[in-house]
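Work through the exercises below with the structure open beside you, and try each task before you read its solution.

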Amino acid sequence: MKHCYQCGRCSGVCQLSKVQKYTPSKIIQLILEGFEEKVLNSGVLWDCLTCNQCLKDCPEKINFADIVRIARYKMRHEANQNPEELIAHKGIYTTIAEIMSRPYIEPKRSLKWVPKGCKVTNKGDILYYVGCLPFYEYEFEDPLSIAQNALKIICQIEKKPIIVLEEETCCGHDIYWGQGKLKTFIKLAQKNLEKFEKTGATTIITACAECYRTFKIDYAKLFPNLSSKFQIKHLIEYVYDKWKQKEIQFKKPSKTSKDVEFTYHDPCRLSRFLPEEINLTDKVREIFAALTKLGYTFTEMKHNKSNSLCCGVNSWMNCNEKSKALRYKRMLEAKTAAPILVTSCPKCEIHFECLQNDFEDIAEIQILDFSEFIVDKIEMINPKTEGEKKK
Amino acid sequence: MPKTKTKIKQPNFNPEILVFCCNWCSYAGADLAGVSRFQYPPNMRIVRVMCSGRVDPAFIIKALKDGADGVLITGCHIGDCHYISGNEYARERFGRLHDIIIKQLGIDEKRVRLEWVSASEGKRFAELITEFTNQIKELGPLKIL
């Protein structure tokens, strides 16, 4: 942080600064000048979206999102602030995560959603991590279709039972970033890893951008030997690898299908929040380029890849008219690009779909998760009988 | 925290139960139970709300998180709501809470219950509390803290 020379670029690119008064550079300056307590007491840092746009454009690579995360921990534990009014949905989802972190609580998730034809075990090689999706069913429309389609894809490719844990706990992302409850996060991480180790899995696949980033980077910080035990893959990465290994290919669009034109919204957790060597934004675009050759039309939005706009809400914090303005902006951009918006973060999808209830002009855009989008576009390459179609 | 630790060791376990009563029916029912001197266990704490529709699922989950062993929500009978349809909302919301959140969290679903008690049912209120407390005693402490 001491490298900051007040170029003010972060305040310029900050997505939140477009809708309210919020200047990261000024906050850094205040902290450096010794007014840390004043900044913490003012509670201004609860507003941050932690979208990491400022890090992307910072010439000195100052990680402001990390500063915010640490500050939130301090604000909660030292300045005794409790941001309960700021938590969206009355804090129901963060409370669920906290309950799951308690030692005697063992979640019993129902596996009713598992689609027909997919076999599920609790011991094996490949684990599909569902995340919080079963709990979202409480008030959102059909979030489990993401999990269903992701599992369909994996089953179709692997042809063997996939591990889906009944007693899976939350990854702790929202507690860690939004709430500043580090201890709860560590408990959740320990619980999760114990369960993963019991199954004997080597690969963990998730369809959620936040879970992916949490496993890949935040858990690796806590448990240094994690990456040697498990391979963590996002569904995009998994499909990409299988495609490069020539195990699958993409189908041509049928004449009747309507989803020919589409655009892609990069979630912050899969673009700005990952180190450059993982490069999921390019991988997903290679998949899309292959689809374009087959007759689909992929249009980029004006802000794409690591410049993409934020969906407006982070870790169930601050869902208000300002975040809606940000979301509306993103949706208008999507509207000019294509009738279908593909994203790979379940939360982005939820946030956008929620906004569609409020504004009629963007209600026509169809919002799909990557798994929902790609599921009927994949076919297996079978060496014996070529082009045999499955499902 | 120390309080609950001793609680787990105790053989005579005294559950902590939170009861949400609607102002118009159930709270009056509880009042009647008191006035008519019906005996019921003292383990519960009543929170008065204006309508059972006011009870947000977040309250219930938070109560469980903070150490309540059971949560009981009481309201007017369907059709008798002072605000016409508040208890219908409560019922619908509660059903989803039960099926989707409480069950999947691994918390016994008997710990959270929705009941209708009218203002004249003082006797029933006392019986209900007795029965619910006994049920929670059988289930044992929630061991959440």
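The exercises that follow concern a predicted model, and each task is followed by a solution in steps.

**Exercise 1. Domains of chain A**

Task: State which domains are assigned to chain A, and describe how domain 1 of chain A meets domain 2 of chain A.

Solution: Begin with the assignment, which gives chain A domain 1 (9-82), domain 2 (88-244) and domain 3 (248-380). Next, take the centres over C-alpha atoms, and you will find that those of domain 1 of chain A and domain 2 of chain A are separated by 29 Å. Then turn to the contact itself, in which 6 residues of domain 1 of chain A touch 4 residues of domain 2 of chain A. On the domain 1 side of this contact there are 2 nonpolar, 1 polar and 3 charged residues.

**Exercise 2. Where the chains touch**

Task: Find how many residues of chain B are in contact with chain A, and name the element of chain B that gives the most to that side.

Solution: Counting the contacts, 17 residues of chain B meet 20 residues of chain A. On the chain B side, two or more residues each come from helix H3 (57-65) and helix H4 (86-102) of chain B. Of the elements there, H3(B) gives the most, with 6 residues. Sorted by character, the chain B side holds 9 nonpolar, 2 polar and 6 charged residues.

**Exercise 3. Two residues with positive phi**

Task: Decide whether A:Gln6 is buried or exposed, and do likewise for A:Asn318, buried or exposed.

Solution: A:Gln6, which is not a glycine, has a positive phi near 60°, and it lies in the segment before helix H1 (9-13) of chain A. Since 12 or fewer other C-beta atoms within 10 Å make a residue exposed, and A:Gln6 has 12, A:Gln6 is exposed. A:Asn318, also not a glycine, has a positive phi of about 55°, and it sits in the loop between strand S8 (297-298) and helix H15 (321-337) of chain A. The cut-off for a buried residue is 20 or more, and A:Asn318, with 22 other C-beta atoms within 10 Å, is therefore buried.

**Exercise 4. A helix crossing**

Task: Describe how helix H13 (residues 235-244) and helix H14 (residues 280-293) of chain A cross.

Solution: The two axes come within 10 Å and cross at roughly 55°. An angle that is not under 35, not over 145 and not from 65 to 115 degrees counts as oblique, so H13(A) and H14(A) are oblique to each other. Their crossing is left-handed. Among the residues that meet are A:Tyr240 and A:Trp243 in H13(A), and A:Leu280 and A:Lys283 in H14(A). The residues of this contact divide into 7 nonpolar, no polar and 3 charged.

Notes:
Residues are numbered from 1 along each chain as its sequence is written. Chains are lettered from A and ligands numbered from 1 in the order in which they are written. This is a predicted model: local features need pLDDT of at least 70, side-chain atom pairs count only at pLDDT 80 or more; totals for chains, interfaces and linings use all residues. Domain bounds come from an automatic or database domain assignment. Two residues are in contact if their C-beta atoms, placed from the backbone, lie within 7 Å. Ala, Val, Leu, Ile, Met, Phe, Trp, Tyr, Cys and Pro count as nonpolar, Asp, Glu, Lys and Arg as charged, and the others, Gly among them, as polar. Helices (H or I, at least four residues) and strands (E, at least two) are DSSP runs, numbered from the N terminus. Axes are lines fitted to C-alpha atoms, for helices over the stretch in contact, and angles run from 0 to 180 degrees between N-to-C directions. A crossing is left-handed if the near helix is turned anticlockwise from the far one by less than a right angle, and right-handed if clockwise.
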